[in-house]
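Here are some notes to read alongside the model, written for someone opening it for the first time. Keep the viewer open and go through the points in order.

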Amino acid sequence: MKRFVIAVAAAVLVFAFGPGAPAFAQSSKPFVAMCTDTNGLGDGSFNDGVWAGLKKAEGEGLASVKVLEAHSMTDYIPNLTGLAEGGSKLVFGVGFLMVEQIQEAAKDEPNTFYAGIDDYFGGNVPRNLIGVSFREQEAGYLAGIVAGEMTKKYYKNSKLLNDKNVIGAVLGMNIPPVERYLAGYIAGARSVDPTVDVRFITVGSFADRAKGKEAALALNDQGADIIIQLAGLSGMGVIDAARERKFFAIGADVDQNAAAPDYVLTSALKGTTMSAYLLIKDLAAGTLKGGENRVFGLKEGAIDIAPFHQFDSIVPAEVKQAVADAKAGIASGKITVPSTLAELGIKQ
Amino acid sequence: MSTRSVPVSAYRIVAGILTFVLAVPGTILYLASYFWGAWLLAGACAAYLADRVLELGRPAFFSLVRSALRRSAMPAIGIVAALLLGAAIMLATGYNPLSSYKALFYGGLVRGWSVSVLNATPLLFTGLAVAFAFQGGFFNIGAQGQYFIGVMTATWIGLALKLPGIVEIPLIFVAAAFVGAATNAIPAILKVKTGAHEVVTTMMFAYAISTLSPVFIRAFGGDPSHSMHPYASDTLPEAAWLPTFKSFLPEANYRLHIGIILAIACAVLVRFILRSTSLGFKVRAVGNNPMAAKTQGISIPRITAASLLISGALAAAAGATQVLGLDHRMYQDLGAGYGWNGISIALLARNNPIAIIFTSLLWGLLDSGGRYMAMTTRTPNSIIEIVKSIILFLLLAEMLYQRIGLSLRAAFSRLRRGSDARTGIEKEIGS
Amino acid sequence: MSGFAAVLLAPQLLEATIRLSTPVTFAALAAVVCERSGITNIAMEGIMLVGAFFSAYVGWLTGNPWIGLLGGLVAGAAFSLLFAWATVSLHINHVVAGAIMNILAFGLTRYLMMVCYGRQGTSEAVPLTLDHYRLRVPLLSNIPYLGSAVFNQTPLVYLSLISVAALAWTFARTRFGLSLTASGEHPMALETLGRSVYRVRYQAVLLSGLLCGLAGAFLSIENSNSFTEGMTNGRGFIALAANIAGGWQPVGVFLASLFFGLVDAAQLRAQSIGLIHLPSEIFLVFPYIATIVAVAGLVRKSRPPAAVGKDFNVEGGGD
């Protein structure tokens, strides 16, 4: 009801001010921009994911695009408003540390849509602001099914796997999006085999590659033959370790197969690329709506796991079927994936 | 009783009052992007100079001006030379230095001036923190850690106590300063008792504090089941927020808070402590020459501890200002580098508290201007870090200028004396 | 409990310790050489970063990790010469000059990422890493426990062990080592003997630059296959602590580096065993606390070189 009132009020304002009011219905090729968080492009994750969505939209002729990198937290607001002044019709702010800033920017620049990737806004959301968040646990769940199946039932399919029923995860820092991935991963693995042993290590940094590698090696020493990386740039170290010790790594956020095609089994895809692309598509069609939070998951077609690439032949059809079943179950609401370790009964 | 003495002192009182009356609003207006405040500042300068002329008499005054000009020549040359070197690097790597610098200064001084000021605020505090320790001969490399202690204290008290702002804000600052000082007590004790070098201990403390900070944030992070922003704590009640400039200057940027005024006041206070109190005298004595200070009966361990404690308190005040003024909550450490930049700022100002006001603003404007430059041109922001380090290098390398002078002189004498001098120099180098 | 003991006693722990401590060992040896000659060096972090970048860049350009290693060494040496010039010739305070070098290194590597690769974050992977040249020493690698950890290693790990021994020998037996020590203890005495303190200190800083270049190359092209921004992540400062805890002696700092590596390797393993349920941050903070304790506990047993960190000016007759 409240939202409806606001929408009506907004509509009244738009008509009342006529030509001076925001003209959201756009010409054929709007200008779309993104503002990275302090990690910048090349993080192999969020920023790259959103940028891929922008490029995809540009490739299809939906928009012209631009990216701007931030180097400290005080950069966020000027970057966000500056892009609007530069004529952007839709600005993506990446990373949930921008949550406050993007709301202020949206107030400052009412003629531009702002989409906060990984943000969830409480209270009254300005009508040109969109919160975009994800159910990472669903991606983790799918990866967990693959890992759980492969490490026990099908370990003979690849010499990278061992007979121990142990899988692992390397975490950058102990923060909720990472925890959601992990909770889903554990739940997924347990759904195919309740006795599976999932071990995880936190590195303490999203940028310490050598330590990420060491954590993965420690897990491998304990028998883990499939390790998911949830550690940003430190996660590159997990892939380094997989290459050196010859086990499977699972990437996160974007398809990381290219980093080590012989060792990256699959990747848990957080739908940053798809969510950005879908929003631009709406913008181009003139149907983009602000003033709300959009949670992207399997149901919305944003979350998935990456193709198995060269391992397609060693992953049996049963596993692929299990993944497909889980997708259908999650999308239809039959399966609810836990989002915290507490729900799984794991104390921290 | 000369007939002239009465009017002179009267003029001086007028000039003094005028200086103050013009300088304070001029500074505030200018910081709030009311650029006509510069006229008031110019007026204040004129009044100040008039006062000095009346005090010293003309010949002494002009010799003072000459020496001040001479002293400021080197920093000016250094900054210009650093910018030229930066331009050379940009040219060599295929970027356009002219458009980049235009964007840098337009962005830093005009378009994003409020951001420059916001950037400068915590840096001014951490710069003072590092400088105070330096004055006592210590290197507080871990100001970053004490900054986070200040952030935590401010967040904790801000969330726990619900008092009116006029009580709560000063209380938070006092508590943050106290806890920041207490943090530095451990490196201070280790330094005094075991001789463990403060570079290592304060640095390791900074790492430890930023590693542990998520535990703190989780403890104050609201309901974790639907929290989307985990490495930020809950928001402080509005009563504990620092007032903004906008509340009395409607044209000011709405984020700009009065922290910068507090920081400038703090710089004046630090200058007063260092110059006009016995503690300040002792700190400087220990910093200049510990052996001489000892023979004068100054307790070196006590001064070591005092300067590290005050340094910790100042760095923590930076954190408190940032929480109460800008963030209104605690964010996890993202390596914003207030500690490191504080070192640069203190070095550039040669640990002079008043100069730190200007160097922190310079750093703030390079940061915000660099961002604007990256936004409007293709030039990467990181060139600013390179220019900053060249500025530091050139301003601290006094010997470089003496060298250039010497080698020029040597070249002249070589021309005069022929090969004789050359063999002499070679012998010196070859030894 | 037995699981915990088994993990801690496994040879893999020793292996991990060696891998984690190798870059710290190189950088700590660099600190020893510098400080013994009288130069306080806190620029190791920056020199390592530059070395890591150029190793990866040259390795990527040429496709040969050995040429990449050479690139890292040259870059480390060149960058350290700038530091030597600033501290020895221009008489800038050593700690101050070191801090500036670190800022420059961070800015420079970020800038070069954009110039050379057109992006930030992680660089292109080198086609071949030094890990490819892992060497199993025939007989020694069969020794139980030690064998697999110490004698089945990558080239730079061996080189770090050799460097420790070589530097220990240099300090104990050679004229150069003697000059280094003299330059750090009594620079004036060395000068009156007709040896140039400036020259000795330049040599020391250059040597430390080479060692930091090796540390950087280890991180980018031996332990991984590309450069990542900020990948040194404070190792230069841990090395500074190792130098003090190790009493300014090559063998001592090697043991201190091993100790820091061991603490880190153990805390990573302790996390995954699930024996104690604590927030992971409690484990992560352990290496820093251990560093403070080691420095505070051990520093009294040894003494820094008398003239370390003090400017020496031939004309002025020293400080």
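1. Start with helix α9 of chain A, residues 272-285. This is a predicted model, and here a quick check on its geometry works out: at 1.5 Å a residue, the 14 residues should span 20 Å, and the end C-alpha atoms are 20 Å apart, so the two agree. Which residues of α9(A) are buried? They are A:T272, A:S275, A:A276, A:Y277, A:L279, A:I280 and A:L283. Just past the helix, A:G286 takes a positive phi of about 80°.

2. Stay with A:Y277 for a moment, as this buried residue of α9(A) also has a charged neighbour. A:K56 lies over the face of the A:Y277 ring, 4.6 Å from the ring centre. Chain C has a contact of this kind too: the charged end of C:R36 sits over the ring of C:F171, at 4.1 Å from its centre.

3. Now for the salt bridges, of which there are 32 over all chains. In one of them, the side chains of A:R180 and A:E136 meet at 2.7 Å, N to O. A:R180 belongs to helix α6 (residues 176-192) of chain A and A:E136 to helix α5 (residues 136-152) of chain A, so the bridge ties together parts 44 residues apart in sequence. Are these two residues buried or exposed? Both A:R180 and A:E136 are buried.

4. Another one to look at in chain A is A:D304 with A:K327, at 2.9 Å, N to O. This pair links distant parts of the chain, with A:D304 in strand β12 (residues 304-305) and A:K327 in helix α10 (residues 317-332), 23 residues apart. Here A:D304 is partly exposed at 26% relative accessibility, and A:K327 is partly exposed at 28%.

5. Chain B has a salt bridge within a single helix. B:K388 pairs with B:E385, their closest N and O atoms being 3.6 Å apart. Both lie in helix α15 (residues 383-396) of chain B, three residues apart, or about one turn of the helix. In general, an α-helix has 3.6 residues a turn, so residues three or four places apart point the same way. B:K388 is buried, with a relative accessible area of 1%, whereas B:E385 is partly exposed at 25%.

6. Which residues are linked in a network of salt bridges? Look for A:E214, A:D221 and A:R245 in chain A, joined with C:E15, C:R19 and C:R269 in chain C.

7. On to the rings: the whole structure holds 26 aromatic pairs over all chains. One of them is C:F53 with C:Y57, stacked at 5.9 Å centre to centre with 20° between the planes. These two are four residues apart in helix α3 (residues 44-62) of chain C, so about one helical turn separates them. C:F53 is buried, with a relative accessible area of 1%. Both rings also belong to one aromatic cluster, together with C:F54, C:W60, C:Y117 and C:F227.

8. Finally, a look at the surface of chain B. B:F35, B:F105, B:Y106, B:L109 and B:V110 form a nonpolar patch there, with about 390 Å² of accessible area together. Within this patch, B:L109 sits in helix α4 (residues 97-111) of chain B and is partly exposed, with a relative accessible area of 32%.

Notes:
Residues are numbered from 1 along each chain as its sequence is written. Chains are lettered from A and ligands numbered from 1 in the order in which they are written. This is a predicted model: local features need pLDDT of at least 70, side-chain atom pairs count only at pLDDT 80 or more; totals for chains, interfaces and linings use all residues. Side-chain values use heavy atoms; hydrogens and water are left out. Patches are made of residues with over 30% relative accessible area and no salt bridge: like charges are joined within 9 Å, nonpolar side chains (Val, Leu, Ile, Met, Phe, Trp, Tyr) within 5 Å. Accessible areas come from the Shrake-Rupley method with a 1.4 Å probe; for residues, only the protein chains shown count as cover. A salt bridge is a side-chain nitrogen of Lys or Arg within 4 Å of a carboxyl oxygen of Asp or Glu. Buried means under 20% relative accessible area, exposed over 50%, partly exposed in between (1.4 Å probe, protein chains only). Rings of Phe, Tyr and Trp (its six-membered ring) pair if their centres lie within 6.5 Å; planes under 30 degrees apart count as stacked, over 60 as edge-to-face and the rest as tilted. A charge sits over a ring if NZ of Lys or CZ of Arg is within 6 Å of the ring centre and within 35 degrees of the ring normal. The expected span of a helix is 1.5 Å times one less than its number of residues.
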